[in-house]
Amino acid sequence: MKPDRFSTARRVSEEYRRTLEAILERIFHGYNEDTAIITDPRWLEFWAMQTARRMITGVLTGQARSWREAARESMKGRQIYLALQQELSGPVGHRVDQLIAQNAMLIRSLPSSVAKLVTERIARRGFSGERAASSELSLLRHVARTRARLIARTETSKATTALTQARSEDLGLGWYEWKSSEDERVRISHRKMDGVLVAWDDPPSPEHLVGQRSNLGHYQAGNAPNCRCYPAPVVNVDYLRWPHRVYTGGRILMMTRVQFLRVSGLRRAA
């Protein structure tokens, strides 16, 4: 199985971004130089739920193929197949509902969050006296597009990780391999984590591992802002190359297969 199939679906992220931008464009119709951003809350409530549900569902269904492939390669094959058929009535379904609610709330907050960002930028640029409505609206559109891109990338990635974790834990798969995009844009701390085995119940602080100051704390692959990393569940240790790097006890250690099985046995690894 190719672990990159567990990565965030670019198609889902791009569709989410385009929809967010469309929502923001409609919000602009209620904006002028004398008022804050105004929109019909009932309209926004409807589209927030629809957009959030479409994104989360896209991530969920997009991962199904990867999990079916994982089933063929794992000793837990039948268990995985059965879980995919029943998951919406169990822990995964509960996590889906949570993610939809969280993203809908985030979308509903877009008008106020964008307005706040624009106000702060105008203050920093020293706008005063007569208001230049066209300049302000142009700035608003720029900030909104930037905000939409950030939300689309970050939230789609976080949803991918959350659903992968929910499925993994439901199946008793306690470990994953941290995968980065492996290009020049990968941040130093995540380059350090690339290929490292991580226990779901013991996420690392990548920045701390490379000596950087950060308020991100400990988190799973894909859970940092603008992060393109993702977790590839360990469904069969025999598909890994040994020795392998493993995060445990706040450090990254090189372990043999036997050493990893000894450690992972404490955490229900595959």
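Helix H6 (residues 133-171) gives the most to the positive surface patch, contributing three residues. The model is predicted. Besides this patch, the structure holds seven salt bridges, and some of them are described below.

**Positive patch**
- The patch is formed by Arg10, Arg145, Arg149, Arg153 and Arg185.
- Arg153 is found in helix H6.
- Arg153 counts as partly exposed because its relative accessible area is 42%, and partly exposed means between 20% and 50%.

**Salt bridges in helix H1**
- Arg17 forms a salt bridge with Glu14, with the closest N and O atoms 2.7 Å apart.
- Both Arg17 and Glu14 lie in helix H1 (residues 10-28), three residues apart, which is about one turn of the helix.
- Arg17 is buried, at a relative accessible area of 17%, whereas Glu14 is partly exposed, at 30%.
- Glu21 also forms a salt bridge with Arg17, and here the closest N and O atoms are 3.2 Å apart.
- Glu21 and Arg17 are four residues apart in helix H1, so about one helical turn separates them.

**Salt bridge between loops**
- Asp183 forms a salt bridge with Arg228, with the closest N and O atoms 2.8 Å apart.
- Asp183 lies in the loop between strand E1 (175-179) and helix H7 (188-193), and Arg228 in the loop between helix H8 (206-209) and strand E3 (230-233), so the pair ties together parts that are 45 residues apart in sequence.
- Asp183 is partly exposed, at 25% relative accessibility, and Arg228 is partly exposed, with a relative accessible area of 32%.

**Network**
- Glu14, Arg17 and Glu21 are joined into one network by salt bridges that share partners.

How values were computed. Residues numbered from 1 in each chain as written. Predicted model: local features only at pLDDT ≥ 70, side-chain atom pairs only at ≥ 80, totals over all residues. Heavy atoms only, no water. Patch = residues over 30% accessible without salt bridge, like charges linked within 9 Å, V, L, I, M, F, W, Y side chains within 5 Å. Areas by Shrake-Rupley, 256 points an atom, 1.4 Å probe, with all protein chains shown as cover. Salt bridge = Lys/Arg side-chain N within 4 Å of Asp/Glu carboxyl O. Lys, Arg positive; Asp, Glu negative; His and termini not counted. Charge placed at Lys NZ, Arg CZ, Asp CG, Glu CD. Helix = DSSP H or I, 4+ residues; strand = E, 2+ residues; numbered from the N terminus. Buried < 20%, exposed > 50% of the residue type's maximum accessible area, 1.4 Å probe, protein only.
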